[in-house]
Amino acid sequence: MPLTRKAYRAAILHSIADPAEVGIEASYEYFEDGLLVVDGGKISALGHASDLLPTLPADIEIEHYQDALITPGFIDTHIHFPQTGMVGAYGEQLLDWLNTYTFPCESQFGDKAHADEVADIFVKELLRNGTTTALVFGSVHPQSVNSFFEKAEQLDLRMIAGKVMMDRNAPDYLTDTAESSYVESKALIERWHGKGRLHYAVTPRFAPTSTPEQLTLAGQLLTEYPDLYMQTHISENLKEIEWVKELFPERKGYLDVYDHYNLLGERSVFAHGVHLCDDECARLAETGSAISFCPTSNFFLGSGLFNLPMAEKHKLNVGLGTDVGGGTSFSLLQTLNEAYKVMQLQGARLSPFKSLYLATLGGARALHLEDKIGNLQPGSDADFLVLDYNATPLLSYRLKQTNNIAETLFVLMTLGDDRTVQQTYAAGALVHQR
């Protein structure tokens, strides 16, 4: 039996609760000289090095990092795998941007060679940026999901993805039908859901591109397989909201469309939610549904500012999303940099510990996976990062001016990016080394 135990020594920080609910001080654990012990892909111990070192066997391997911080792996609750090749596309708001850039780019994913090539680039980018779990949109083609899951399975990653369901208001070359979307989704569920650390998400793109028949069948899949995920978009852009009202005049609002078709629930994640009202936030919270806050994308596409304080008031689960390709970076550190500005523009604050929560435990709670990922509690999957304080000359110099972990964390989130991620571990295995 190979020796599977290994220990990692460094400064260690993780979220244990939402600062909005328990206050900042009770929301995290920080070990200035900490030790993380990993055994068989799981975390077996976490604490002060001085407490844990005497309890370890003499022959255990200990990796010791200087000038580094260990955190849980980042969780991206909204990202589009087929849009990797069009990230940073110029000059449009949401609806024009879809037609001009997104649909032509996604049309290529019926081709296995293309889908495999992009899956390789996409997964490497996630891991380079410290993202160990993501909730991923495929394209309308089942092949896109197969290629992504094949790559994630090779590395034993905890990933969630689904084939886009889209049977109207899109180019003919990119639509399915209500029936074919159901049949193809079902085949993907049977092949991948619950295999290793992989999960399937029923994925209607958004209400305007699905007929009532397709939304009905999406809801039916969730009934047939109770532990599936559901992901879609909501209230991102004002013109989009008007369009939904025209298409579904019988419903009382955008959220009510999804509610009517039984798409709300504890594993349902709605991206954006920039223009939600109080009643919609309350309904999302009541059903255990979550919002993915995508600040980089909301700025880039001119969509608006997400009202995090309103979500907190309703105790609504919120995770963080890069929304590549509407978002312009795979980095959740960069995404948090933008999230801070979203709050500033609304006269609110985003503490570094709330930011850490959104990128880790908050995302895990949004995905109903907080018992497995998002923190470093013993028993959790050993998905974690080593962040390098000397990643860039400016970062190194700036961090020497900080006096506590709150300042250090904030600087990492404003000046940090993919270069800051020295190593990424998934299920205890090293999956990225800078």
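**Exercise 1. Backbone outliers**

His 272 sits in strand β11. Helices (H or I, at least four residues) and strands (E, at least two) are DSSP runs, numbered from the N terminus. This is a predicted model: local features need pLDDT of at least 70, side-chain atom pairs count only at pLDDT 80 or more, and totals for chains, interfaces and linings use all residues. Residues are numbered from 1 along each chain as its sequence is written, and side-chain values use heavy atoms, with hydrogens and water left out.

Task: state the phi of His 272 and of Asn 262, and place the cis peptide bond at Gly 325.

Solution.
- Start with the background. Most residues other than glycine have a negative phi, and most peptide bonds are trans.
- Take His 272. Its phi is near 90°, a positive value in a residue other than glycine. His 272 is buried, at 0% relative accessible area. Buried means under 20% relative accessible area, exposed over 50%, and partly exposed in between (1.4 Å probe, protein chains only).
- Take Asn 262. Its phi is also positive, about 60°, although Asn 262 is not a glycine. Asn 262 lies in the loop between α9 (254-260) and β11 (268-272). Asn 262 is exposed, with a relative accessible area of 56%.
- Now the peptide bond. Val 324 and Gly 325 are joined in cis, with omega about 5°. Gly 325 belongs to the loop between β13 (317-320) and α13 (332-345).

**Exercise 2. Cysteines**

Task: how many disulfides does a search of the whole structure find?

Solution.
- Apply the cut-off: a disulfide is a pair of cysteine sulfur atoms within 2.5 Å.
- The search finds zero.
- Check Cys 277. Its nearest cysteine sulfur belongs to Cys 281, 7.3 Å away. Cys 281, in turn, has the sulfur of Cys 277 as its nearest, and is in no disulfide.
- Compare burial. Cys 277 is partly exposed at 37% relative accessible area, whereas Cys 281 is buried at 3%.

**Exercise 3. The open sheet**

Task: give the strand order of the open sheet of seven strands, and say which strands stand at the edges.

Solution.
- Pairing needs at least two DSSP bridges between two strands.
- The order is β3-β2-β1-β4-β14-β15-β16, with mixed pairing.
- The edges are β3 (42-48) and β16 (429-433). Each has a single partner strand, so one side of each lacks a neighbour in the sheet.
- On average, neighbouring strands are turned by 35° against each other, direction ignored.
- Zoom in on one pair. β14 (residues 384-388) and β15 (residues 421-426) run antiparallel, joined by four bridges. Leu 387 faces Val 421 of β15.

**Exercise 4. Helix packing**

Task: what are the packing angles of α4 with α5 and of α5 with α6?

Solution.
- Axes are lines fitted to C-alpha atoms, for helices over the stretch in contact; angles run from 0 to 180 degrees between N-to-C directions.
- Class cut-offs: under 35 degrees is roughly parallel, over 145 roughly antiparallel, 65 to 115 roughly perpendicular, the rest oblique.
- α4 (residues 112-128) meets α5 (residues 142-154) at about 45°, axes 8 Å apart. That makes α4 oblique to α5.
- α5 packs with α6 (residues 178-192) at about 10°, axes 11 Å apart. That makes α5 roughly parallel to α6.
- Contact means heavy atoms within 4.5 Å. Residues of α5 in contact with α6 include Val 145 and Phe 149; those of α6 include Leu 188 and Trp 192.
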